[in-house]
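Subject: Handing over the model we discussed

Dear colleague,

I am passing on the structure below, and I would be grateful if you could look through it alongside my notes. The findings follow after the model itself.

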Amino acid sequence: MSSQGPKPSKPSKPHPHSSHSQPNSRAPNSSSSSSSVTSHLAMVELKQKILTSLSKLADRDTYQIAVSDLESTIQTISHDAIPMLLNCLFESSNDPKPAVKKESIRLLAFVCSSRGDTTFNHLTKIIAQLS
């Protein structure tokens with residue numbers, strides 16, 4: 001029985017270790033995978049924040065708050081998020097409400113003036129959107 005005692009404990013130890021060692025052996029992949037998931041979730045959250053602020057442009061009571069939020073977001077956004085921001089602004093520039101359309105176009109200009117280095121590659125699409 002003493003020989004059976006160590007055998008179950010040895011397999012049970014390697015079994016948890018093997019399940020732990022697999023994630024540890026995959027730590028760089030799972031780390032980069034979890035990092036990309038975290039990055040994706042942050043991008044989804046940022047997009048939702050931008051869309052919420054853009055929707056607030058339609059209401060006179062929340063208009064100025066939305067403008068401030070969007071300008072702050074534009075100034076602090078990462079280079080990777082610029083295309084997503086531009087797409088949100090492109091969509092809102094087609095809004096039937098004149099205030100939303102006007103502010104979206106002004107914000108496109110604001111993005112270009114404040115983030116020219118990162119928007120240069122998107123300039124053709126921005127100009128086409130304004131035409």
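The confidence score used here, pLDDT, is the predictor's confidence in each residue, from 0 to 100. This is a predicted model, and the chain averages a pLDDT of 80, with 76% of the residues scoring at least 70. Among the elements of the chain, α4 has the highest mean pLDDT, 96, whereas helix α2, which covers residues 14-25, has the lowest, 44. Over residues 12-27 the pLDDT stays under 50, and for this stretch the model has six contacts beyond four places in sequence. Where pLDDT is low, the predicted coordinates should not be read in detail.

On the overall architecture, the secondary structure comes to eight helices and zero strands, so that a reading along the sequence gives the pattern α-α-α-α-α-α-α-α. Buried residues make up 24% of the 131 residues in the chain. If one takes the contacts between residues at least 6 apart in sequence, 64% of them join residues at least 24 apart.

The core comes next. The largest nonpolar core has 23 residues, and those with the most contacts inside it are I50, L54, L57, I77, L85, L86 and L89. Two or more residues of this core come from each of α3 (27-56), α4 (63-76), α5 (82-92) and α6 (98-114), and among these α5 gives the most, with seven residues. In soluble globular proteins, nonpolar side chains tend to be buried together. I77, one of the core residues with the most contacts, touches L46, I50, I82, L85 and R115 when residues up to four places away in sequence are not counted.

Which residues are linked in a network of salt bridges? They are E71, E103 and R106, and the count for the model comes to two salt bridges. In one of them, E71 pairs with R106, the closest N and O atoms being 2.5 Å apart; because E71 lies in helix α4 and R106 in helix α6, this pair ties together parts that are 35 residues apart in sequence. Both residues of that pair are partly exposed, E71 with a relative accessible area of 22% and R106 at 34% relative accessibility.

In the other salt bridge, E103 pairs with R106, and here the closest N and O atoms are 2.6 Å apart. E103 and R106 are three residues apart in helix α6, and they are therefore separated by about one helical turn. The side chains of E103 and R106 also make a polar contact, listed at 2.6 Å.

Is E103 buried or exposed? At 4% relative accessibility, E103 counts as buried, because the cut-off for buried is under 20% relative accessible area. Leaving aside its neighbours within four places in sequence, E103 is in contact with L57, Y63 and V67, and L57 is itself among the residues with the most contacts inside the largest nonpolar core.

V67 deserves a separate word. V67 lies in helix α4 and is buried, with a relative accessible area of 6%. Not counting residues up to four places away in sequence, V67 touches L57, E103 and R106, and two of these, E103 and R106, belong to the salt-bridge network described above. The C-alpha atoms of V67 and S53 are separated by 7.6 Å, although the two residues are 14 residues apart along the chain.

A last point concerns the cysteines. A disulfide is a covalent bond between the sulfur atoms of two cysteines, and the count of disulfides in this model comes to zero. C88 counts as buried at 2% relative accessibility, whereas C112, at 22% relative accessibility, counts as partly exposed.

If you open the model yourself, the places I have described in most detail are the core around I77 and the salt-bridge network of E71, E103 and R106. Residues 12-27, over which the pLDDT stays under 50, call for the caution mentioned earlier.

With best wishes

Methods
Residues are numbered from 1 along each chain as its sequence is written. Side-chain values use heavy atoms; hydrogens and water are left out. A nonpolar core is a set of buried Ala, Val, Leu, Ile, Met, Phe, Trp, Tyr and Cys residues joined through side-chain atoms within 4.5 Å. Buried means under 20% relative accessible area, exposed over 50%, partly exposed in between (1.4 Å probe, protein chains only). Helices (H or I, at least four residues) and strands (E, at least two) are DSSP runs, numbered from the N terminus. Contact means heavy atoms within 4.5 Å. A salt bridge is a side-chain nitrogen of Lys or Arg within 4 Å of a carboxyl oxygen of Asp or Glu. A polar contact is a pair of N or O atoms within 3.5 Å; within protein, one must be able to donate a hydrogen and the other to accept it, and residues adjacent in sequence count only if both atoms are side-chain atoms. A disulfide is a pair of cysteine sulfur atoms within 2.5 Å.
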